[in-house]
Amino acid sequence: MKVGFIGLGNLGRAIAGRLVEQGVHLVVWNRTIKKAEDFCRERGCELAGSPADLISRVDRVFVIVFDSSASEGVIFGKDGLIHGAEEGKAIIDLTTNHFAYAELAFKKLKEMGIHYLDAPVLGSVIPAMKGELTVVVGGEKETFEENKNLFGKFCSNIFYVGPAGMGAKVKLINNIVLGGIMDVLAEAIAIAEKAGIGKERMIEILDKGAGKSYILDVKKKKILEEDFDPHFSVDLIYKDLHYAQDLLKELGLFSFTTSAVKETYGLARKMGFGDLDFSAVYRLFKR
Ligand SMILES: NC(=O)c1ccc[n+]([C@@H]2O[C@H](COP(=O)([O-])OP(=O)(O)OC[C@H]3O[C@@H](n4cnc5c(N)ncnc54)[C@H](OP(=O)(O)O)[C@@H]3O)[C@@H](O)[C@H]2O)c1
């Protein structure tokens, strides 16, 4: 099976690598072309000259880029996917998008006869490498069914959640929880240290008490070793919480938690931690 793949960031590269290991032949493009060249050389994939060139060679394309402005550029911009796509092709957008963008992209592409799935993923680099991501898919059910097997190559949980835009909404709500738990765990560990309790001991105790969670499991090593090499960056969680606030606005709701947590990551960015793993928020509380 031959599939297009755009976006070789931290998560994109892990998913692309997993697809290759599962026997999928990839045609690849990335904005910084050197990353795509290196990946193609190491993994034996085809390099495309542009998104338009890429989609002319395949029937379906995964897109996983930073945000909705990047997705818009790749799909609708100069040399974007629409300039090489014929009717019937499918764009599967794994980017965590703004819900309004996902709705609009679906509508505009449908008018051109191109299928669009709004399919953000839950989980990070390590689950991607093991094929254990969760995907929440919005779009036409038929397009979803046609691509379900492909999702199965890198996801162990696959949820169809309704029309385009719903994938993004579900994902953003999930990330209110993700950002909040990481924030409170980092803060608690730093408080413990100020109170004279070693972080190793506190993590051990939190793991048996109120802190026991998936996030503690996957991030405790990073905090213990203070190795904040990014899997999921501070910049990305900040972007997601910003989109989540727009969702709250659209729904006429409020969330003090979302605002406070978002501004904590905002402060982390201001302190120069934007491209570090989001667990680096610990450094704020440690100061
Ligand atoms: N990392 C995770 O654990 C995780 C988990 C769940 C969901 N996500 C979501 O998955 C998406 C990708 O995450 P990631 O960790 O791979 O991000 P990342 O490491 O920050 O990489 C971003 C990717 O987007 C590309 N890009 C940025 N701006 C662009 C533009 N204007 N035009 C074209 N390409 C552009 C980058 O290209 P260059 O190489 O040229 O910079 C790079 O390939 C994000 O939406 C994120 O929220 C990530």
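**Exercise 1. Place isoleucine 215 and decide whether it is buried or exposed.**

Step 1: isoleucine 215 belongs to helix α10; helices here are DSSP runs of H or I with at least four residues, strands are runs of E with at least two, and both are numbered from the N terminus.

Step 2: pin down the terms. A residue is buried if 20 or more other C-beta atoms lie within 10 Å of its own, exposed if 12 or fewer, and partly exposed in between, with C-beta atoms placed from the backbone.

Step 3: isoleucine 215 has 20 C-beta neighbours inside 10 Å, so it counts as buried.

Step 4: look along the chain. Methionine 182 is 33 residues away from isoleucine 215 in sequence, yet their C-alpha atoms are separated by 6.5 Å.

Before going on, a word on the model. It's a predicted one: local features need pLDDT of at least 70, side-chain atom pairs count only at pLDDT 80 or more, and totals for chains, interfaces and linings use all residues. Residues are numbered from 1 along each chain as its sequence is written.

**Exercise 2. Do the same job for isoleucine 203 and lysine 169: which helix holds each?**

Step 1: isoleucine 203 sits in helix α9 (residues 199-206). Its count is 20 C-beta neighbours inside 10 Å, so isoleucine 203 is buried. From isoleucine 203 to alanine 192 it's 11 residues in sequence and 9.5 Å in space, C-alpha to C-alpha.

Step 2: lysine 169 is part of helix α8 (residues 166-194). With 23 other C-beta atoms within 10 Å, lysine 169 is buried. Lysine 169 and histidine 115 are 54 residues apart in sequence, and their C-alpha atoms are 19 Å apart.

**Exercise 3. Work out the overall dimensions of the protein.**

Step 1: count the elements. There are 13 helices and nine strands.

Step 2: check the radius of gyration, taken over C-alpha atoms, against the globule rule, which is 2.2 Å times the number of residues to the power 0.38. The protein comes out at 19 Å, close to the 19 Å the rule gives for 287 residues, so it is as compact as a globular protein of that length.

Step 3: along the principal axes, the C-alpha atoms fill a box of roughly 65 × 45 × 30 Å. Of the 287 residues, 47% count as buried.

**Exercise 4. Trace the strand pairings around β2, and say why β2 is largely enclosed.**

Step 1: two strands pair if DSSP finds at least two bridges between them. Strand β1 (residues 2-6) and β2 do so in the parallel sense, over five bridges, with glycine 4 opposite valine 27 in β2.

Step 2: follow the connection. The chain goes from β1 through α1 to β2 in a right-handed β-α-β crossover. Right-handed means that, with the strands pointing away from the viewer, the path from the first strand over the helix to the second runs clockwise.

Step 3: move on to strand β3 (residues 46-47), which runs parallel to β2 and is joined to it by two bridges. Here valine 28 is opposite leucine 47 in β3. The crossover from β2 through helix α2 (residues 33-43) to β3 is right-handed.

Step 4: four of the five residues of β2 (residues 25-29) are buried, so the strand is largely enclosed by the rest of the structure.

**Exercise 5. Which residues cover the two faces of strand β6?**

Step 1: in β6 (residues 115-118), His115 and Leu117 lie on one side, Tyr116 and Asp118 on the other, and all are buried.

Step 2: strand β5 (residues 90-93) runs parallel to β6 and is joined to it by four bridges. Isoleucine 92 has leucine 117 in β6 as its bridge partner.

Step 3: add helix α5 (residues 99-111), and β5, α5 and β6 make a right-handed β-α-β unit.

**Exercise 6. Where do aspartate 79 and glutamate 226 lie?**

Step 1: recall the background. Most residues other than glycine have a negative phi.

Step 2: aspartate 79 has a positive phi of about 60 degrees. It's in the loop between α4 and β5, and is partly exposed, with 16 other C-beta atoms within 10 Å.

Step 3: glutamate 226 has a positive phi too, near 50 degrees. It lies in the loop between α10 (214-225) and α11; with 12 other C-beta atoms within 10 Å, glutamate 226 is exposed.
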